Amino acid sequence: MPMYESTKLDVSGGGVQVLDLETAVKDGILGGDISGPAYTGVADKLDLNIMIQELESIDVPSVFICPISLEPMQEPVTLCTGQTYERSNILKWFSLGRYICPTTMQELWDDSVTPNKTLQQLIYSWFSRKYAAMKKKSEDVHGRSVEILETLKKVKGQARVQALKELRKLVSIHPTAKKAVFGNNGVALITLLLGPFTTHAVGSEAIGILVNLDLDLESKKNLMQPAKISLMVDMLNEGTIETKVNCTKLIKILMEAGLGSEKVSSLSLLVGLLRLVKDKRHQNGILAGLGLLKTICSHEAIRNSLVSIGAVPQLIKILPSLNNECLELALHVLDALSTVSEGRLALKDCPYTIPNVVKLLMRVSESSTQFALSILWAVCELAPDECAPLAVDAGLAAKLLLVIQSGCSPVLKQQSAELLKLCSLNYSASIFLSKCKLTRTLQ
């Protein structure tokens, strides 16, 4: 039967509570017998600071927290008031000339500090047990991940799907599982499962694993095989929202590796991405889809393909419903499409382009304003007699004056001045000025 020693532990609210070690065990602070290695003083004793750092996300009992730093104590000391603090924190408090108890605000009749060895033992024992449990779980995850990889070499059908599903969950949560996959040739094994005869059930789980890994260049090259890309595109069009997002993210990873957008960007992919960004139910899908569209829009052939399948009016119509992050991506894509002649024509012909884009000037970010100005310039320059009056009536002139008077970059101000001049060509000076004042009043 272990011996227990009484100690005073401060609790939230400023009171003093006498708590012995046996009570701590019963109350679950230690969670079991305390006669283990935490009290032996052996040479391989774990470093408390390291344990605290590695267990930073865990909920720590309030009696272990220093009231000054709100961090776990490593060297607790008790004042004459019965309150306990981390030694370095309370000494710093005293060095500032504060000789009152930080918790109770009582004046100290004795400024000495007493090491609270029992509480220190409690803290060390609690963290030791949590740390050991975490390490054991990590070892278990690694072992189980290796077992699943071996299983995948032998099974097919539903058994393969279940094995992949379990591995996907482990990889998405545990860094240890990722290390196990990399260390046991798991990326190559999973990549081999993707091909022309792969079912969507297997493909969905495999891609869910791969998208959570930091793939090397060789792995990305293997995934660029036509049959694998075709499978990803098919699942992007027909899978669940999670599968669509994962396929989109994986294709974006491959594109950003500079392995050739033209190998990937089929019309089927572009159609699937537009469907994804129009689905207002899933913000993660909109963000992923717009992110990939931004990446692949760097190629002129792809920009022309996007225009040909009606991307311009579809993106213009969803602008009012997008959050700021998605708005910037959508405007980036539309700006890219405005650089091709068919894109400019599509922007001009869409009745929502001018009113929707004008509203976004000075609303999101300087980058978004830059894209919006570029789009409006492309439209108004293409058909000034038709588009400039519409833009002025939509409040463009007042917005441009706002940009010019703001703290935006000189380039942005210059573009605004040039667009303002273009819009004023169809009006006399007095009429144009009155329209500027009117729209500013209405806004």
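## Helix H16

Helix H16, which covers residues 324-337, is built from 14 residues and reaches 20 Å from its first C-alpha to its last, close to the 20 Å expected at 1.5 Å a residue; here the expected span is 1.5 Å times one less than the number of residues, and helices are DSSP runs (H or I, at least four residues) numbered from the N terminus. This is a predicted model, in which local features need pLDDT of at least 70 and side-chain atom pairs count only at pLDDT 80 or more, while totals for chains, interfaces and linings use all residues. Residues are numbered from 1 along each chain as its sequence is written, and side-chain values use heavy atoms, with hydrogens and water left out.

At the N-terminal end of H16, asparagine 323 acts as a cap, with a side-chain oxygen 3.2 Å from the backbone nitrogen of glutamate 325.

## Surroundings of H16

Because 10 of the 14 residues of H16 are buried, this helix is largely enclosed by the rest of the structure; buried means under 20% relative accessible area, with a 1.4 Å probe and protein chains only. Among the buried residues are Cys326, Leu327, Ala330 and Leu334, and the elements that cover them in H16 include helix H13 (283-296) and helix H19 (366-382), where contact means heavy atoms within 4.5 Å.

## The largest pocket

The largest pocket holds about 260 Å³ of space, and its lining includes Met134, Lys135, His174 and Thr176. Helix H4 (117-152) and helix H6 (175-183) each supply at least two lining residues, and H4 gives the most, with 5 residues.

How values were computed. Buried < 20%, exposed > 50% of the residue type's maximum accessible area, 1.4 Å probe, protein only. Polar contact = N/O pair within 3.5 Å; in protein donor to acceptor, adjacent residues only side chain to side chain. 1 Å grid on protein atoms, 1.4 Å probe; cavity = no way out; pocket = protein on both sides within 12 Å on 5 of 7 lines; lining within 4 Å. Points joined across faces, edges and corners; volume = space filled by probe spheres on them.
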